[in-house]
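Subject: Structure handover

Hi there,

Here is the structure I promised to pass on to you. Could you open it alongside this message as you read?

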Amino acid sequence: MSDAALQAIAELKPLLGDRIVTSEAVREHHSRDTSRLKPHLPDAVAFPQCEEEVQAIVRACAAHGVPVVPFGAGSSMEGHTIPVRGGISLDTRDMNRVVEVKAEDFLAVVQPGVTRKQLNTHLRDTGLMFSVDPGADASIGGMASTRGSGTTAVRYGTMRENVLALRVVTPDGTVIRTGSRARKSSTGYDLTHLFVGAEGTLGVITEVTVRLHPIPEAVSSAICHFESVRSAVEAVIATVQYGIPVARVEFLDEVAIAATNSYSNLDLNVAPTLFFEFHGTPNWVAEQARIAEEIARDCGGADFRWSTDPEERSRLWQARHDIFWATKAIKPGYDIYTGDICVPISQLADSIIAARDDIDASPLTGQIIGHVGDGNYHTAYLIDPDNPEDLAEAERLADRLVERALAVGGTASGEHGIGTGKLKFMRQEHGEAIDLMKRIKAALDPAGIMNPGKMGQGG
Ligand code: MLT
Ligand code: ZN
């Protein structure tokens, strides 16, 4: 451990006591995220309980030039929380209080460690919900930091649309407020959205004001399989163009369906498949499903099955959320290398077909799933952790995926973010704007202590 880290830890000890930890097991837990990326140990892990403690940690680290790496639930997918240059992993686990729910204003104020499921449990009796659902029970601070989204973004938006205001400890230890409770504002630089998606490189989020949405009176789900990827994607585009406000529309390819059948004990036809969800009044969800069925049939979809049965619906979505584990179970002991891109929806069918062709021409096994209403999809390649050739091949496939997305006006990541995994594509995607991002980083964090080695420094 560096002398600087030792000094910062010694300074924080009287304030944090046993909430600043240097044990191997705790550091190990904070050395990784869910990605395939190489872990790196922090020098210590701090568990602040309030904003003042976050401030003290950041100030001590700033004084000694020690990195600070914010850590939420550890469910990020591109190495965001890996302390690649050591320092202090700042775990927001204990900042887990729902500060306020203002039902009439459709908003809630939470500390950053509150998880999305925890907030929804808290909201149980209000008739409102927090809509963003990345699958994992991520922390809301982490979701804001990574501009996370997931299956419901097509209807309710990503964290970009659902964060109204923030409190942030900046790299010099100052606390700032960004945004307000108003639905709209035309004052000032949009600092809220500078920090949303900054992946902890510009400061530590200590409070998030999020939008809430009414829980729909009725929810129905549907499932439909198609002869080809193209016809499934055409059905999605036509449904959205018709003005059906689908709440979720998820694509699963044959490999994903086969894996789900065996892992989640389902008997779905092994074919390109769409899972739908509709929200509204009972009549309205029935009508939405009827129109979607008609459109799907016109596009060659078969066996459209819809249901309002909550148990069936939750089994279906649980299966969708368990895809990661279902894919892992195809080859026990193998690791998963994930890809994540987003393209304009007109390019989606070609993009998925090219990704599938690439996998079929490769020795690796892989599947494709997608939040197709947004033009966003993921690939997952299974790699033998002891075979470097598998890793190289997965990297080649994932790189081709991004190259093709960028060539048609898409982005290197729809929702999994940059971390360290996608840094190499940033200049290609953003051009000279990358230099402006670096100047912003240098202006806000001149000593480069906030999650160093990531956005604003590389690319
Ligand atoms: C999902 O869509 O399930 C999440 O983004 C996680 C994943 O890709 O495995
Ligand atoms: Zn996803």
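Below are my notes on the ligand site, two helices and a few loop residues.

Please keep in mind that this is a predicted model.

**The ligand site**

I began with ligand 1. Its surroundings consist of Met77, Pro134, Arg320, Phe324, His371, His378, Glu415 and His416. By residue type, that shell comprises three nonpolar, three polar and two charged residues. Several side chains approach oxygen atoms of the ligand. Arg320 places a polar side-chain atom 2.7 Å from an oxygen atom of ligand 1, and His416 likewise has a polar side-chain atom 2.7 Å from a ligand oxygen. For His378, a side-chain N or O atom is 3.0 Å from an oxygen atom of ligand 1. On its own the ligand has 260 Å² of accessible area, and the protein covers 86% of that.

**Two helices**

Next comes α15, which runs over residues 388-407. With 20 residues at 1.5 Å a residue, α15 should span 28 Å, and its end C-alpha atoms are 29 Å apart, so the expected and modelled values agree. At the N-terminal end, Asn387 acts as a cap for α15, with a side-chain oxygen 2.9 Å from the backbone nitrogen of Glu389. Just after the helix, Gly409 adopts a positive phi of about 85 degrees.

Which residues of α15 are buried? They are Asp390, Glu393, Ala394, Leu397, Ala398, Leu401, Val402, Ala405 and Leu406. These buried residues pack against the strands β16 (335-342) and β18 (376-383), and against the helices α14 and α16 (426-430).

Helix α14 (residues 348-360) deserves a look of its own. Its 13 residues should span 18 Å at 1.5 Å a residue, and the end C-alpha atoms are indeed 18 Å apart. Its buried residues are Leu348, Ala349, Ser351, Ile352, Ala355, Arg356, Asp358 and Ile359.

**Two threonines in loops**

Thr152 sits in the loop between α5 (140-146) and α6 (153-156). Its relative accessible area is 5%, under the 20% cut-off, so Thr152 counts as buried. Beyond its neighbours within four places in sequence, Thr152 is in contact with Ser131, Val132, Asp133, Gly157, Ala247 and Arg248.

Thr308 belongs to the loop between β15 (302-307) and α12 (310-321). Is Thr308 buried, exposed or partly exposed? At 46% relative accessibility, Thr308 is partly exposed, because that class lies between the cut-offs of 20% and 50%. Although Thr308 and Ser220 are 88 residues apart along the chain, their C-alpha atoms are separated by 4.4 Å. Leaving out residues up to four places away in sequence, Thr308 touches Val219, Ser220 and Arg313.

**Positive phi outside glycine**

Finally, two loop residues for you to inspect. Glu199 is not a glycine, yet its phi is positive, near 55 degrees. Glu199 lies in the loop between α8 (192-195) and β10 (204-211), and it is buried, with a relative accessible area of 7%. Asn265, also not a glycine, has a positive phi of about 55 degrees. Asn265 is found in the loop between α10 (254-264) and β14 (273-280), and with a relative accessible area of 64% it is exposed.

Happy looking, and do write back with any questions.

Best wishes

Methods: Residues numbered from 1 in each chain as written. Chains lettered and ligands numbered in written order. Predicted model: local features only at pLDDT ≥ 70, side-chain atom pairs only at ≥ 80, totals over all residues. Heavy atoms only, no water. Helix = DSSP H or I, 4+ residues; strand = E, 2+ residues; numbered from the N terminus. Expected span 1.5 Å × (residues − 1). Buried < 20%, exposed > 50% of the residue type's maximum accessible area, 1.4 Å probe, protein only. Contact = heavy atoms within 4.5 Å. Near = heavy atom within 4 Å. Polar contact = N/O pair within 3.5 Å; in protein donor to acceptor, adjacent residues only side chain to side chain. Areas by Shrake-Rupley, 256 points an atom, 1.4 Å probe, with all protein chains shown as cover. Nonpolar A, V, L, I, M, F, W, Y, C, P; charged D, E, K, R; others polar.
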